[in-house]
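Visitor: I should be grateful for a close look at a single part of this model. Please set out its surroundings as well.

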Amino acid sequence: MYALIALGYTMVYGIVRLINFAHGDVFMVGAFLAFYSVEKYHLPLPAVFAISAGGAAFLAVVIERMAYRPLRNAPKIASLITAIGVSLFLEYFTALHQVFGPNYYAFPRPFGVVTMEIGGITFTNIQGIILVATLASLGVLQYVVHRTKVGRGMRAVSHDGVTAGLMGVNANAVISFTFGLGAALAGVGGVLYGIAYPQINTFMGVMPGLKAFTAAVLGGIGSIPGAVLGALIMGQSETMTTAYLSSTYRDGIAFVLLIAVLLWKPTGILGKARTEKV
Amino acid sequence: MPPFLKNIAKAVLPFAVLSGLLQFLSARDILNPYWVQIFQLACVVAISALGLNLIYGFTGLFSLGHAAFYGVGAYTAALLTKLYVGAYGDEAVFATGAVFLGSLLAGGFAAALLACIVGLPTLRLTSDYLGIATLGFGVIMKVLFDNADSFLPQLGGARGMTGIARMTGIPWAVAGLVAAILVIRNLVHSTYGRALVAIREDEVAAAAMGIDTFRFKVIGFTAGCAFAGVAGGLYAHLYTFLHPSTFDFLKSFDVLMIVVLGGLGNLTGTLVASFAWVFLLEGMRVALPPEYIEFRWVLIPLLLIVTMLVRPRGLFGVREFPFLRSKVYR
């Protein structure tokens with residue numbers, strides 16, 4: 001689950017070196033779109049996934065066009081502050097009564113919970129779906145990045161945006177595509193979140209967003225397998241803390257882990273060290 | 001008049017004029033107590049933002065954990081005055097001012113000490129990674145504040161800390177702000193400040209010029225956090241109630257936004273942006289009709305985004321009020 005959000009962070013950061021703080025809120029919008037399509041229109045599950053992913057992608061592309069593109073050549077901090085601004089705006093705008101409203105909503109379960117056991121590991125069908133969806137998204141992503149023309153463009157822009165532009169890569173289109181793809185994954189994550197923890201509100205994106213970002217940094221930001229690895233470590237450590245220590249320390253432990261890893265490997269577990277040129 | 005007396009007069013004069021004027025206005029009911037409190041809050045926010053400007057604006061260290069140091073200062077100072085009142089009651093009134101000053105300084109010192117401990121390992125990280133590490137530190141501190149009652153019951157933990165004496169008044173807030181401005185102005189125009197700016201501009205070149213970059217980074221970070229600690233102490237004794245949610249990582253973003261809006265490495269901008277931020281936030285509470293009160297946090301980010309799009313280098317760029325410039329240009 002963290003993995004899906006972390007992938008979006010790591011992709012955007014890999015390409016434009018921007019911590020996209022609004023990503024957690026795109027995730028929230030995805031969950032709300034799913035909520036409405038299930039609650040009001042009783043759409044089947046595949047359609048729900050498609051709507052959430054598409055809506056989130058559309059939103060992210062609009063945000064990129066309106067807020068980040070004009071600042072691409074400005075100091076990096078300006079886009080970062082804008083990202084925080086966009087994040088706050090999405091949270092509070094959607095919390096207005098006229099939009100989604102500030103309350104908690106019960107996410108309707110589209111199917112019953114079934115507990116299964118395979119080879120001594122007990123899990124519910126929801127956990128199974130999350131696992132399958134995560135692996136499927138990861139597979140699609142690996143395919144897109146390494147086997148398609150857009151993917152080659154993404155890798156080129158990530159390496160050196162200006163040179164990629166000179167070589168005939170439409171950098172703006174590639175960046176928009178990256179935002180869209182990352183957001184689509186966050187949208188899927190939003191649906192899965194709604195199914196797994198059936199309570200959503202407009203501020204639900206803050207903490208998962210932050211932790212997903214931490215997971216991305218933990219695994220080495222800019223690296224796709226790293227994001228998944230980091231997310232797995234984060235999820236495990238949180239579950240362990242809740243089980244063995246106390247749930248009140250849960251939010252802290254992930255960051256203790258993060259700082260420890262950063263001190264040991266300053267660019268994350270699978271990150272590549274960049275030498276500074278003089 | 002000897003020069004040092006002249007300098008002292010230069011510092012005391014703006015303090016006396018400003019706090020005297022405000023005291024007069026509030027005594028005559030021209031300013032209502034609510035706005036006086038908001039003004040004090042703005043002073044507190046400005047002190048904390050000046051600290052962050054020293055860290056990020058002048059030294060170039062991307063810190064997202066400022067609110068944690070603010071919180072450490074607040075809890076330390078509040079605990080000390082609370083213990084004092086608990087031990088001696090309210091009878092030794094004549095000494096409370098001194099105790100308050102002492103606990104403010106202790107709050108600043110505690111924040112600085114913690115900054116030093118945190119900074120020694122983490123300041124070896126660069127740019128965004130430092131930001132994430134400090135952000136993580138902020139979240140860890142929030143968790144500790146939440147669980148603080150399990151090791152010190154007076155701190156209140158997740159229920160919040162109550163029973164803090166109300167000490168901060170206009171003179172204290174203004175004095176704190178004037179002191180912060182003077183110390184930071186003089187610091188950034190000293191050799192230390194020049195070293196910090198050199199590190200921000202180019203760390204490799206600064207090292208080549210013989211600056212011990214790591215040492216100066218720790219100095220800049222520690223000094224900036226000390227201001228956050230003092231500001232936290234003032235805050236605690238202004239609202240007499242502390243809650244961990246006041247010090248979570250989102251509050252670090254608030255301070256960061258103020259510093260960036262004002263312009264990095266620009267003291268004028270930080271001052272103006274702090275006051276504008278606080279007054280705008282509170283002013284909208286009054287100005288907007290009650291049914292639209294939730295629009296406050298919709299308008300502020302919009303304003304923020306537009307400002308960033310129009311002035312990506314901050315409101316003031318490199319211009320400063322005359323009294324904040326280096327002596328050479330004054």
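What percentage of the 278 residues in chain A is made up of buried residues? And which residues does Ile47(B) touch, beyond those up to four places away in sequence?

Guide: The model is a predicted one. In chain A, buried residues account for 51% of the 278 residues. That chain has 11 helices and four strands. Where its contacts link residues at least 6 apart in sequence, 72% of them join residues at least 24 apart. Thr178(A), part of helix 8 (residues 171–196) of chain A, counts as buried because 27 C-beta neighbours lie inside 10 Å, against a cut-off of 20 or more.

Turning to Ile47(B), the largest nonpolar core holds 198 residues, and Ile47(B) is listed with Ala6(A), Ala31(A), Ala56(A), Val44(B), Leu50(B) and Ala111(B) as touching the most other members. Leaving aside residues up to four places away in sequence, Ile47(B) touches Gly176(B), Leu177(B), Ala180(B), Phe227(B), Val230(B) and Ala231(B). Among these partners, Gly176(B), Leu177(B) and Ala180(B) are buried residues of helix 6 of chain B; others buried in that helix include Trp172(B), Ile181(B) and Ile184(B). The cover over the buried residues of helix 6 includes helix 1 (3–27), helix 2 (33–58), helix 7 (191–201), helix 9 (213–239) and helix 11 (267–287) of chain B. Helix 6 of chain B (residues 170–188) has 19 residues, so at 1.5 Å a residue a span of 27 Å is expected, and the end C-alpha atoms are indeed 27 Å apart.

Technical notes: Residues are numbered from 1 along each chain as its sequence is written. Chains are lettered from A and ligands numbered from 1 in the order in which they are written. This is a predicted model: local features need pLDDT of at least 70, side-chain atom pairs count only at pLDDT 80 or more; totals for chains, interfaces and linings use all residues. Helices (H or I, at least four residues) and strands (E, at least two) are DSSP runs, numbered from the N terminus. A residue is buried if 20 or more other C-beta atoms lie within 10 Å of its own, exposed if 12 or fewer, and partly exposed in between; C-beta atoms are placed from the backbone. Two residues are in contact if their C-beta atoms, placed from the backbone, lie within 7 Å. A nonpolar core is a set of buried Ala, Val, Leu, Ile, Met, Phe, Trp, Tyr and Cys residues joined through C-beta atoms within 7 Å. The expected span of a helix is 1.5 Å times one less than its number of residues.
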